[in-house]
Amino acid sequence: MIDTIVLNLEWRKDFEIMEGCYKLFSPDVANFFKPPYVQFGTRKSVKADRNPTAKDKLNGNYMPRLTLIKAIRRGSIPIILNVEFSAPKIIFNDNFNEVSESDLDYLYVQLGRKLYNMGIIVKDRDTLKNAYVSTIHYAKNITLTDYSTAYEVLSEIEKCNYTTRKQLDRQKYRGGGEAVHFYSSKWGLCVYDKLNEHKRSKVSERGLLEKDNYCQLSLFDDSPLTSPFQMIRFEARYIGRPQIGKSLKEVGVTPESLTLRNLFKESIAKKMLKHELDKLRDTYPAINLSDKKPPQLVMELSVQNPKVHISTVFQALAYKTLIETTGSRDIRKMGNFSSQQWYNLNKKINSLNFTRRKLKSFDLIEEQLEKFIPIRLQRYLDK
């Protein structure tokens, strides 16, 4: 339902730091609170981090990431603590298992305990409930137990032409049907092979789509998974309150405030993920939804589009031939298309009339998003 969250806590109002723990930040934050005070110089803010220690990682004990910020604001110099954590890792010490709305009270308790162990004293439980959220990742683990493979699903998604969407800045692929990541500075959509990501994390976290995997490295050592079993991760990331508010508005959700209590809801997570899936599906090249062979496709396109020039029909056929073996990104690169040329080509081809088939991979994800049943790994372990 929800994975990564960043909460914003205000010093004195929401939290205090044990004085002996100032030096555990990098750099030491004693001068945030007492003289000689930190100097801003030409900067408007200064910050210090506290990440999981080597001992935490060795013990496999998941801990949040902390960033302390002292900033010059109009009329004040507040000190804000950003608390970044994975909700399922706080509760289960892994994010293969998924949290549900009923886990929220337990999340407050566990997060409060971990913060206390890091020297952060939170005022009370309501403080975390009512804390503002500046980043949130809604996610769903999609299980494949019918001999479908993660490779098949991701290979279909790789063909999506998300670069025609104006809000997209960049996209990345990891070869072999392992991962697809569409993203901008404030938004991201990650779809990846969860088991492959876990396997890679045992070697290095470099290049992975999630961090702090140290707590779940030994997850399947004693209890292997049943077969067949594969897992796809479908995750939408919203960074910054303006982006969170804008994205919620797109699905008709207008919470009273962007607090943890208001955003930690299954109904919201489901709406957001289904909305992102629909947007992704809309960018799938329509011409690849035909299962006709080239001569049959040319005949069908010609008959059903009598006013379309034969050159457009052949463009569509060439596009389909290429998209079956590569992604839209590579086709655009081959043709050296400008953004406008690429948009116009896709618009022209996608407007053609022809018999279209359904997308099994998208239907599979949609079916599990509709049910929205939290994953419990215990069901899939080979006992």
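**Helices α10, α8 and α6 in a predicted model**

Helix α10 comprises the 17 residues 266-282, and at 1.5 Å a residue it should span 24 Å; its end C-alpha atoms are indeed 24 Å apart, so the expected and the computed spans agree. The model in which this helix appears is a predicted one. The buried residues of α10 are Ile-268, Ala-269, Met-272, Leu-273, Glu-276, Leu-277, Lys-279 and Leu-280. Because these residues cover an arc of only 160° around the axis, they lie on the same side of α10.

Helix α8, formed by residues 241-250, can be read in a similar manner. Its residues Gln-243, Ile-244, Ser-247 and Leu-248 are buried. They cover an arc of only 130° around the axis, and therefore they are on the same side of α8. Pro-242 and Lys-249, on the other side of α8, are exposed. The cover over the buried residues of α8 includes the strands β7 (132-144), β10 (187-193) and β11 (230-239), together with the helices α9 (260-263) and α10. After α8 comes Gly-252, which has a positive phi, near 80°.

A further point of interest is Glu-156, a residue of helix α6 (residues 150-158). Which side chain of opposite charge is nearest to Glu-156? It is that of Lys-159, 4.5 Å away, and Glu-156, although buried, has no salt bridge. A salt bridge would require a side-chain nitrogen of Lys or Arg within 4 Å of a carboxyl oxygen. The side chain of Glu-156 does make a polar contact, at 2.7 Å, with the side chain of Tyr-284. When neighbours within four places in sequence are left aside, Glu-156 is in contact with Tyr-284, Leu-359 and Ser-361.

Definitions and conventions:
Residues numbered from 1 in each chain as written. Predicted model: local features only at pLDDT ≥ 70, side-chain atom pairs only at ≥ 80, totals over all residues. Heavy atoms only, no water. Helix = DSSP H or I, 4+ residues; strand = E, 2+ residues; numbered from the N terminus. Expected span 1.5 Å × (residues − 1). Buried < 20%, exposed > 50% of the residue type's maximum accessible area, 1.4 Å probe, protein only. Arc of directions from axis to C-beta. Lys, Arg positive; Asp, Glu negative; His and termini not counted. Polar contact = N/O pair within 3.5 Å; in protein donor to acceptor, adjacent residues only side chain to side chain. Contact = heavy atoms within 4.5 Å.
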